[in-house]
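User: Please take a close look at one part of this model, the salt-bridge network, and connect it to the packing around it. Keep it brisk, and give the cut-offs.

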Amino acid sequence: PAKDNTTLVEIAKYCNLWRNYKDIQDSWASTEGIISYWSRNYSNYSNEPFQYVAGPGQWNDPDMIIGGDNGLSLSEATTQFALWAI
């Protein structure tokens, strides 16, 4: 994906949603990897490309909710659903 803010701002004019991390797999380890990616400590949002352009009408996409598949327990699926809803 693009790493500079100028390119992402231009892309955001035409896109409402973009994936910004690895494709999710049917496992808690994969889900946890995405959670860890987004739980980083951002000290300066303007330097984080995907955070910089996110806002009304433009969303970061952590990938699909996999609850209901066999890879997650009920509590893991509940956790994923709750976090993706934020």
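Analyst: The answer below starts with the whole chain, moves to the network, and ends with the helices.

This is a predicted model: local features need pLDDT of at least 70, side-chain atom pairs count only at pLDDT 80 or more, and totals for chains, interfaces and linings use all residues. Residues are numbered from 1 along each chain as its sequence is written, and side-chain values use heavy atoms, with hydrogens and water left out.

The overall layout comes before the details. The chain has 4 helices and 2 strands. Helices (H or I, at least four residues) and strands (E, at least two) are DSSP runs, numbered from the N terminus. From that end, the order of elements is α-β-α-α-β-α. Of the 86 residues, 27% count as buried. Buried means under 20% relative accessible area, exposed means over 50%, and partly exposed lies in between (1.4 Å probe, protein chains only). The exposed surface of the chain is about 5,700 Å². Carbon and sulfur atoms supply 55% of that area. Accessible areas come from the Shrake-Rupley method with a 1.4 Å probe; for residues, only the protein chains shown count as cover. Among contacts with a separation of 6 or more, 61% come from residues 24 or more positions apart. A contact means heavy atoms within 4.5 Å.

Now the network. The structure holds 4 salt bridges. A salt bridge is a side-chain nitrogen of Lys or Arg within 4 Å of a carboxyl oxygen of Asp or Glu. Arg19, Asp23, Asp61 and Asp63 are linked in a network of such bridges. Take Arg19 as the starting point. Arg19 counts as partly exposed, because its relative accessibility is 36%.

Arg19 meets Asp23 through their side chains, at 2.6 Å from N to O. Arg19 also forms a salt bridge with Asp61, where the closest N and O atoms are 3.5 Å apart. Arg19 is in strand β1 (residues 17-19) and Asp61 in strand β2, so this pair ties together parts that are 42 residues apart in sequence. Asp61 is buried, because its relative accessibility is 17%.

Asp63 is another partner of Arg19. Their closest N and O atoms are 3.0 Å apart. This pair links distant parts of the chain, 44 residues apart: strand β1 holds Arg19, and the loop between β2 and α4 holds Asp63. By residue number, that loop runs between β2 (59-61) and α4 (74-85). Asp63 counts as buried because its relative accessibility is 10%.

The backbone at Asp63 deserves a check too. Most residues other than glycine have a negative phi. Phi of Asp63 is near 95 degrees, a positive value in a residue other than glycine.

Next, the helices. In helix α2 (residues 28-38), the buried residues are Ser30, Thr31, Ile34 and Tyr37. Seen down the axis of α2, they fall within an arc of 120 degrees, so they line one face of the helix. The arc is that of the directions from the helix axis to the C-beta atoms. An α-helix has 3.6 residues a turn, so residues three or four places apart point the same way.

Two of these α2 residues can be followed further. Tyr37 counts as buried because its relative accessibility is 16%. From Tyr37 to Pro62 the C-alpha to C-alpha distance is 9.6 Å, across 25 residues in sequence. Thr31 counts as buried because its relative accessibility is 0%. Leaving out residues up to four places away in sequence, Thr31 touches Ile24, Ile66, Leu72, Gln80 and Trp84.

Helix α4 completes the picture. It has 12 residues. From its first C-alpha to its last, α4 reaches 16 Å, close to the 16 Å expected at 1.5 Å a residue. The expected span is 1.5 Å times one less than the number of residues. Ala77, Gln80 and Trp84 are buried in α4. Seen down the axis of α4, these buried residues fall within an arc of 60 degrees, so they line one face of the helix. On the other side, Leu74, Ser75 and Ala85 are exposed. The cover over the buried residues of α4 includes α2. Among the contacts of Thr31 in α2, Gln80 and Trp84 appear again.
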